[in-house]
Amino acid sequence: FQAAFTLLLGPFTFFNVQKTKYLQIMTSLMRWIAFILMIILALIRISRGQAEGHPSMAQLSGIRNLFGVCVYSFMCQHSLPSLVTPISKKKHVNKLVLLDYILILAFYSLLSFTAIYCFRNDTLMDMYTLNFTNCEIINVAFIRYFLGLFPVFTISTNFPIIAVTLRNNWKTLFHREGGTYPWVVDRIVFPAITLIPPVLVAFCTHDLESLVGITGAYAGNGIQYLIPAFLAYCSRKDTQLVFGSGTVNKHLSPFRHTFWIVFVLIWGFSCFVFVTANIVLSESKL
């Protein structure tokens with residue numbers, strides 16, 4: 001299956017993926033359907049008295065994986081530019097973005113709380129949709145197969161787009177002023193270093209929990225905290241140079257003070273130390 005996935009979707013890394021509007025609409029629609037189905041099915045099972053979950057108030061051993069999950073939920077911010085840019089009158093843009101985040105939080109909360117009360121902790125699979133492939137939960141074969149294959153559908157549509165984006169980022173990172181790359185480097189090397197690492201990782205492990213925990217703890221820490229803080233600081237300095245220090249921006253964020261940038265950097269560093277200590281202690285116990 002991995003070989004089939006690589007052979008079918010891997011070649012897209014070597015080309016440009018354009019006009020993905022309808023592909024993204026289809027993916028978004030499938031996400032909405034899958035989320036709503038999982039929430040409804042879990043609520044039905046809980047209402048019938050078949051709930052098996054008895055979650056503890058807190059579990060510190062799950063902090064490492066929490067960061068991995070936070071990074072994936074943080075991906076919702078990737079949609080902000082496409083939401084904000086088409087709006088011609090941005091007078092109420094802050095309220096619209098707040099409403100968007102409230103909607104996202106509501107879906108995540110419903111999905112999470114129905115999951116932990118519906119299923120026992122030891123039966124919850126790393127890929128949550130697989131919990132619904134059991135006939136005891138839902139007898140409709142189409143729904144069971146749809147939820148079971150849902151990760152395949154979403155990854156199949158997102159993988160080419162993310163791979164092409166990463167490939168272009170490699171080119172930008174190693175960009176040479178006034179020069180172009182040889183054909184082999186441009187068309188073979190950059191796509192290869194984009195495609196080969198995830199294939200090797202997928203071949204070596206199937207432990208999604210540990211994989212998400214480690215990637216979220218380190219790469220996710222930079223993506224979610226450090227890089228945005230530095231971008232905000234540098235963009236504010238650049239804005240002052242271009243427009244002058246006396247210019248008033250009516251769309252200023254409530255977190256415009258430099259204190260919040262420093263706070264985020266300290267928080268990101270603290271998370272890095274805490275998660276590293278947690279991983280070391282967990283491995284030493286094993």
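I will go through the salt bridges of this structure and the burial of the residues that form them.

Please keep in mind that this is a predicted model, in which local features need pLDDT of at least 70 and side-chain atom pairs count only at pLDDT 80 or more, while totals for chains, interfaces and linings use all residues. Residues are numbered from 1 along each chain as its sequence is written, and side-chain values use heavy atoms, with hydrogens and water left out.

If we take a salt bridge to be a side-chain nitrogen of Lys or Arg within 4 Å of a carboxyl oxygen of Asp or Glu, the count comes to four.

Let me begin with Asp186, whose side chain meets that of Lys171 in a salt bridge at 3.0 Å, N to O. Asp186 belongs to helix 7 (residues 183–204) and Lys171 to helix 6 (residues 141–173), so this pair ties together parts that are 15 residues apart in sequence; helices here are DSSP runs of H or I with at least four residues, numbered from the N terminus. Both Asp186 and Lys171 are buried, where buried means under 20% relative accessible area, exposed over 50%, and partly exposed in between, with a 1.4 Å probe and protein chains only.

Asp186 also forms a salt bridge with Arg187, at 3.7 Å from N to O, and Arg187 is partly exposed, its relative accessible area being 37%.

Salt bridges that share partners join Arg45, Glu52 and Arg120 into one network. Within it, the closest N and O atoms of Glu52 and Arg45 are 3.2 Å apart; Arg45 is buried at 10% relative accessible area, whereas Glu52, at 27%, counts as partly exposed.

Notes:
Helix = DSSP H or I, 4+ residues; strand = E, 2+ residues; numbered from the N terminus.
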